[in-house]
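Work through the following exercises with the coordinates open, and try each task before reading its solution.

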Amino acid sequence: MADQPDPPQGTIGPTRARYLLAAFAVGGCAGYLLVLFSEQVSGTAPTVQWSAVAVLAVIAAVLLAHAYSTYRSVHRDRARLEPHRAVNLLMLAKACALAGALVAGGYTGFASQFLDRLDVSLPRQRVNTSFAAAAASLAIVISALLLERACRVPRDPEE
């Protein structure tokens, strides 16, 4: 057998902003169209519950706690993460960043349908809760990106 090339060395890069923006745009279109579809089918648009905002905020808090714990372990204490745990945390961070951007866009698109009707109570409530949910979703994106950054292997100080 002749010279066989070395197997490719896989690397995972940081989540790109353009992917997050694309997910946000797709979510925005879906949220905007959801109102139109719902009004055609049932005659009324759905409401956004504050419990949804609370769940999104809890998810952001859990991601932030994992980011802090991982950063402290890997970068400050220089502890070694088990490979499967590091990959799991990294994939969780990447998935949550994209999903958070998608959901934030969805709630923003949903709220944009009611911006011209703020003088009425129910549309105003939909806008307020939708923007709160979008803010909590953006907190998920930020927490996930911090977790992704915490999973980076620190450079060897001797290099």
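**Exercise 1: the inner faces of two helices**

In helix α2 the buried residues are Val53, Leu56, Ala60, Leu63, Ala67, Thr70 and Val74, where buried means under 20% relative accessible area, exposed means over 50% and partly exposed lies in between, with a 1.4 Å probe and protein chains only. The model is a predicted one, in which local features need pLDDT of at least 70 and side-chain atom pairs count only at pLDDT 80 or more, while totals for chains, interfaces and linings use all residues. Residues are numbered from 1 along each chain as its sequence is written, and side-chain values use heavy atoms, with hydrogens and water left out.

Task: State what covers the buried residues of α2, and check the length of the helix.

Solution. Begin with the spacing: an α-helix has 3.6 residues a turn, so residues three or four places apart point the same way. Next, look for contacts (heavy atoms within 4.5 Å); the cover over the buried residues of α2 includes α3 and α4 (121-150). Helices here are DSSP runs of H or I with at least four residues, numbered from the N terminus. Finally, take the expected span, which is 1.5 Å times one less than the number of residues: the 27 residues of α2 (residues 50-76) should span 39 Å, and the end C-alpha atoms are 37 Å apart, which agrees.

Task: Repeat the analysis for α1, naming its buried residues and what they pack against.

Solution. The buried residues of α1 are Leu20, Ala23, Gly27, Gly28, Gly31, Val35 and Ser38, and they pack against α3 and α4. For the 26 residues of α1 (residues 17-42) the expected span is 38 Å, and the ends are 37 Å apart from C-alpha to C-alpha, which agrees.

**Exercise 2: after the helices**

Task: Which residues with positive phi follow α1 and α2?

Solution. After α1 comes Gly43, with a positive phi near 90°. After α2 comes Arg78, which has a positive phi of about 55° although it is not a glycine. Arg78 lies in the loop between α2 and α3, and its relative accessibility of 48% makes it partly exposed.

**Exercise 3: a lysine and the cysteines**

Task: Is Lys94 buried or exposed, and which residues does it touch?

Solution. Lys94 is found in helix α3, and at 16% relative accessibility it counts as buried. Leaving aside residues up to four places away in sequence, Lys94 touches Ile12, Gly13, Pro14, Thr15 and Glu148.

Task: How many disulfides does the whole structure hold?

Solution. With a disulfide taken as a pair of cysteine sulfur atoms within 2.5 Å, the search finds zero. For Cys96, the closest cysteine sulfur is that of Cys151, 12 Å away and therefore too far for a bond. Cys96 is buried, at 17% relative accessibility, whereas Cys29 is partly exposed, at 47%.

**Exercise 4: the largest pocket**

Task: Describe the volume and the lining of the largest pocket.

Solution. The volume is about 600 Å³. Of the 18 lining residues, the closest to the pocket centre are Ala86, Cys151, Arg152, Val153 and Pro154. A pocket is an open set of points on a 1 Å grid over the protein atoms alone, where a 1.4 Å probe fits, with protein on both sides within 12 Å along at least five of seven lines, and lining residues have an atom within 4 Å of a point. Helix α3 (residues 83-112) gives the largest share of the lining, five residues. By class, the lining divides into 12 nonpolar, one polar and five charged residues.

Terms used
Grid points are joined across faces, edges and corners, and a volume is the space filled by probe spheres set on the points. Helices (H or I, at least four residues) and strands (E, at least two) are DSSP runs, numbered from the N terminus. Ala, Val, Leu, Ile, Met, Phe, Trp, Tyr, Cys and Pro count as nonpolar, Asp, Glu, Lys and Arg as charged, and the others, Gly among them, as polar.
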